[in-house]
Amino acid sequence: MSSSEPTLTTVWPGTAYPLGATYDGAGTNFSLFSEVAASVELCLIAKDGTETRIELDEVDGFVWHAYLPTVTPGQRYGFRVHGPWDPAAGHRCDPSKLLLDPYGKSFHGDFDFSQALYSYDLAAEDLASGGIPPMIDSLGHTMTSVVINPFFQWGSDHAPRTPYSETIIYEAHVKGMTQNHPGIPEELRGTYAGLGHPAVIDHLKALNVTAIELMPVHQFMHDHRLLDLGLRNYWGYNTFGFLAPHYQYAANRNAGGAVAEFKTMVRSFHDANIEVILDVVYNHTAEGNHLGPTINLRGIDNAAYYRLMDNDLRLYRDFTGTGNSLNPRHPHTLQLIMDSLRYWVLEMHVDGFRFDLASTLAREFYEVDRLSAFFDIVQQDPVISQVKLIAEPWDVGEGGYQVGNFPSLWTEWNGKYRDTVRDYWRGEPATLGEFASRLTGSSDLYEATGRRPGASINFVTCHDGFTLNDLVSYNEKHNAANGEDNRDGESHNRSWNCGVEGPTDDPEIIALRGKQMRNVLATLLLSQGTPMIAHGDEIGRTQQGNNNAYCQDSPLSWMDWSLRETNADLLTFTKKVTALRKAHPVFRRRRFFDGEPIRTGDQVRDIAWLTPAGQEMTHDDWGSGFKFVGVFLNGEAIPEPNSRGERVVDDSFLLCFNAHSKPIDFVTPDSDYAHAWTAVLDTSDATGATDAVVKAGETIAVPGRSVLVLQKTG
């Protein structure tokens, strides 16, 4: 070998940006931010576990960097950060810990949760970590970062860019959707490749789904406590790698294989014109509180990356209930979040994000601030500002419930929609005014900030809480399997078991539960706003009353695809309602209703609210305690044009919502609305089938606890 040829330890200066490990086709640039570090070592890990340490001598703006001309994809690595161990000042540098790259794009191995992962004596009484750390090397006990090949043949891939007004979101879990699917090869079940398989895509297309929202796929950790109980962090809200797809979801687990597999999955969804939205967790990390392991940010620059308690810097401020909160007030923490978001859009081609506990990111000091740096930087970012941005608009801190208070660029999970629809169909005395507002896009929450109905992400069920089947089958949570004596999970579920708790052979209760599920789905899919279906609700998936299945990586949480046959009628019904929504823009207007009286001169307005007598509701009617309401949607009074500037004209509809237990006779309105109506959907039928015809002014019976949809035919 010539003396001029580079070796593994040949080091060139490299560059401070981009952060992380970046292979350029020849060698790899490594870059790590740490303001607190006195020195940083890059550690190259061989397949036999041996380590080669390389000191990073180049530092620019607290970013330590080097270029290694012989390092190629597949190389495992980590960092060791030398600096102060001073928990009282917020500093926790411990060079005995092999630290994972915050910008790592792939990881390998696992954590064994031995003493080696912790920077304090697990057996000691001083659990606030004030003493000297044990200095036990974590190499071999922790995961390693992996250099990836960033190059991929995207071909003609393009983002669908579906408008919110045309969007139907389907929330799903990579493993849960695919683990038991008989149409997916066994070796692909539970993986990105399995999720991108035609068997799944065809199912979504048949439901008219336009976007799949994936529960966390950033690399996450399974909590030590859960592993000791024989459980796992199934949901994945325990992230530590914001730029890496969770490698255990890859069929190809070779170094970096998850990246290419994820990209292939996205390309398959795009080929089917389905967007991919990621549920992202930038509010906290898997390192937890002061009792947690040291795996990356804690040992790199604890005081920069985390919010610490002002009166005791040894401890972490926790707005998330998980032990810590990230500190987006620090420019490098904010940069990590934004670099991660841009990476997933530009390199992984995803179409949007749902931000878990988004209020935490908006906390500048303590209170939630709509003018926070995070919102400012997202607003002006030319990449992130152009994709779907969905907030879970709450956290567990004081003042954290912020439904309706996010900036104009954002859409929100509408928790008030969920609560109101649940209360209406279980017969609670929720006011009709609240129900009417949720049904028409929640203008009371979003219009003042310049947003449109699409800003309301309407949902009644999601991963967190009861499935739709369980919502109508249980009054109480049944979470004993989680190992917390049924203390975990929400206790106030706004559910109704229809008379019996859990499974029953009573045909009347079974029929009522089926109708209630159809009522919820019909309400959800015919409301203005952006509907979101929780995976499996279309086939009656159950978790046996467990409303907090975060740790249940088992058939309890996985999709039971045999329900497609068992509950075929429910699947047929769901397809019917999504098709109705897709075919008729009157159910998915881009702008809010005018809300003016039904008649202005000779003009019939866009919406009317009707009593059972077919008369427009008065002020007194709204407060009368009615459980029935009729809604006239005028398809000829849609003010907004289509994308080509053309006038949108649709059929007109009457929606009849009857939450009473008994039938209600509804008098169809006079001929100013229509001369005749044909029923197109009836939730009292197992598949929604109906063909009843009624003339203006005639009476039609709306069955108890049902939705009846009438279409203008004359």
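Contact here means heavy atoms within 4.5 Å. With that cut-off in hand, we can walk through this predicted model, starting with a helix and what surrounds it.

## Helix α8 and its cover

Helix α8 spans residues 373–380, and Phe374, Phe375 and Val378 in it are buried. Looking down the axis of α8, these buried residues fall within an arc of 95 degrees, so they line one face of the helix. As general background, an α-helix has 3.6 residues a turn, so residues three or four places apart point the same way. The cover over the buried residues of α8 includes helix α7 (331–346) along with the strands β19 (352–355) and β20 (388–391).

The partner α7 deserves a closer look. Its contact with α8 joins Leu334, Ile337 and Met338 of α7 to Ala373, Phe374, Ile377 and Val378 of α8. By class, that contact has seven nonpolar residues, with no polar and no charged ones. Phe374 and Val378 therefore appear both among the buried residues of α8 and in the contact with α7.

Strand β20 brings in another residue worth visiting, Leu389. Is Leu389 buried or exposed? Leu389 is buried, because its relative accessible area is 1%, and buried means under 20%. Leaving out residues up to four places away in sequence, Leu389 touches Tyr164, Phe353, Phe355, Val378, Ile384, Leu409, Trp410 and Thr411. Val378 in that list is one of the buried residues of α8. Leu389 also has a partner that is distant along the chain: its C-alpha atom is separated by 6.2 Å from that of Arg354, 35 residues apart in sequence.

## Three helix pairs

Two packed helices are described by the angle between their axes and the distance between the axes. Here are the pairs in that form.

| Helix pair | Angle between axes | Axis distance | Handedness of crossing |
|---|---|---|---|
| α7 and α8 | about 40 degrees | 11 Å | right-handed |
| α9 and α10 | about 130 degrees | 9 Å | left-handed |
| α9 and α13 | roughly 140 degrees | within 11 Å | right-handed |

How should the angle of α7 to α8 be described? These two helices are oblique to each other. The helices α9 and α10 are likewise oblique to each other, and α9 is oblique to α13.

Helix α9 (residues 415–425) takes part in a pair with α13 and in another with α10 (residues 432–439). Towards α13, the α9 residues Tyr417, Val421 and Trp425 meet Gln516, Asn519, Val520, Thr523 and Leu524. The residues of this contact divide into five nonpolar, three polar and no charged.

Towards α10, the contact is made by Lys416, Tyr417, Thr420 and Tyr424 of α9 with Leu432, Glu434, Phe435 and Arg438 of α10. Which classes make up this contact? There are four nonpolar, one polar and three charged residues. Tyr417 is listed in the contact with α13 and in the contact with α10.

## A buried histidine

His203 belongs to helix α3, which covers residues 198–206. His203 has a relative accessible area of 8% and is buried. Setting aside neighbours within four places in sequence, His203 is in contact with Tyr170, Glu538, Trp561, Arg564 and Leu571.

## Backbone details to check

Most residues other than glycine have a negative phi, and most peptide bonds are trans. A few places in this model depart from that pattern.

Where does the chain hold a cis peptide bond? The bond from Tyr17 to Pro18 is cis, with omega near 5 degrees. Pro18 lies in the segment before β1 (20–23).

Arg161 has a positive phi, near 50 degrees, though it is a residue other than glycine. Arg161 sits in the loop between β11 (144–146) and β12 (169–172). Its relative accessible area is 57%, so Arg161 is exposed.

Arg494 also has a positive phi, of about 55 degrees, without being a glycine. The loop that holds Arg494 runs between α12 (468–471) and α13 (507–526). Arg494 counts as partly exposed, at 23% relative accessibility.

Technical notes: Residues are numbered from 1 along each chain as its sequence is written. This is a predicted model: local features need pLDDT of at least 70, side-chain atom pairs count only at pLDDT 80 or more; totals for chains, interfaces and linings use all residues. Side-chain values use heavy atoms; hydrogens and water are left out. Helices (H or I, at least four residues) and strands (E, at least two) are DSSP runs, numbered from the N terminus. Buried means under 20% relative accessible area, exposed over 50%, partly exposed in between (1.4 Å probe, protein chains only). The arc is that of the directions from the helix axis to the C-beta atoms. Axes are lines fitted to C-alpha atoms, for helices over the stretch in contact, and angles run from 0 to 180 degrees between N-to-C directions. Angles under 35 degrees count as roughly parallel, over 145 as roughly antiparallel, 65 to 115 as roughly perpendicular and the rest as oblique. A crossing is left-handed if the near helix is turned anticlockwise from the far one by less than a right angle, and right-handed if clockwise. Ala, Val, Leu, Ile, Met, Phe, Trp, Tyr, Cys and Pro count as nonpolar, Asp, Glu, Lys and Arg as charged, and the others, Gly among them, as polar.
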